[in-house]
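User: Please take me through this model, with questions on its helices and strands.

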Amino acid sequence: MDPLRIAIVEDEESNQKILQDYLERLSKEKGILFKIAVFNNGVAFLNNYQAEYDLVFMDIQMPFENGIEVSKALREKDKYVAIIFVTNFVDYAVNGYEVNALDYIVKPIDYYDFALKINKALGLLKKHREKETFLMISTSDGYQKIPIMSIRYVESNKHTVIFHTLDGEIRKYASIKSVEKMLPENVFVRCNSCYIVNLNYVTRIDKYDLFLDKESLVISHPRKKEVVQRLVDFAKEYGGAGGGK
């Protein structure tokens, strides 16, 4: 299993060290690998943020900007990272629902309370990883994490690929062949030289037109038989909609 990527956003060095020591202790006890990055304030954390973390420990009382406001800005950049607040006062953590925080830890930080909360978080993260996988791609704006199942189809346009997702379009300088290798072949199918389609979103095939609701893509003649068979197999295995003529 890949290391869990954790960010500690905390202005007090003593609490930074406690969290790092506790993670190291938990790593030895549970045999879990952690990759840890430490930030002294929310501004430093958000500057050049890449959606690469699984879990963020967010101190609420920090200089420049409190942890709640930092977490709101974080959610605009990353909808999926888990957040655990670290605070002196429970009352400050009750607004965690605004950013879908996973939990909170009260200072002074007790190891057994910490371990209990982290074990809960690790269980949820494991389930989330099993349920949802992501692509981490580099774009002109930095790195971006895309849930694979949110990709409706991928389009090639010259030297750029366009991920058409449920949340909009994301562009990357790459070949469609390289992207095809990154996607699970039991879910995605290449319908011509320009398109890779997520079979979850295919509603029907009519001759050489493949439909995703009202949107249609062209199937090339050499790929027609494979695309239809893949859709039939997918529907049998996963109960997906679809049909062909």
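User: Which residue caps the N-terminal end of H3?

Analyst: This is a predicted model, in which local features need pLDDT of at least 70, side-chain atom pairs count only at pLDDT 80 or more, and totals for chains, interfaces and linings use all residues. Residues are numbered from 1 along each chain as its sequence is written, and side-chain values use heavy atoms, with hydrogens and water left out. At the N-terminal end of H3, a side-chain oxygen lies 2.9 Å from the backbone nitrogen of Ile68, and the capping residue that supplies this oxygen is Asn66.

User: How do the buried residues of H3 lie around the axis, and what arc do they cover?

Analyst: Helix H3 spans residues 67-77 (helices are DSSP runs of H or I, at least four residues, and strands are runs of E, at least two, numbered from the N terminus). Its buried residues (under 20% relative accessible area, 1.4 Å probe, protein chains only) are Gly67, Ile68, Val70, Ser71, Leu74 and Arg75. They are on the same side of H3, because the arc, taken from the directions from the helix axis to the C-beta atoms, is only 155°.

User: Why is strand S8 largely enclosed by the rest of the structure?

Analyst: Strand S8 covers residues 151-157, and it pairs with S9 in the antiparallel sense over six bridges (two strands pair if DSSP finds at least two bridges between them). S8 also pairs with S12 in the antiparallel sense, over three bridges. The strand is largely enclosed because, of its seven residues, the number buried is six.

How values were computed. Buried means under 20% relative accessible area, exposed over 50%, partly exposed in between (1.4 Å probe, protein chains only). A polar contact is a pair of N or O atoms within 3.5 Å; within protein, one must be able to donate a hydrogen and the other to accept it, and residues adjacent in sequence count only if both atoms are side-chain atoms.
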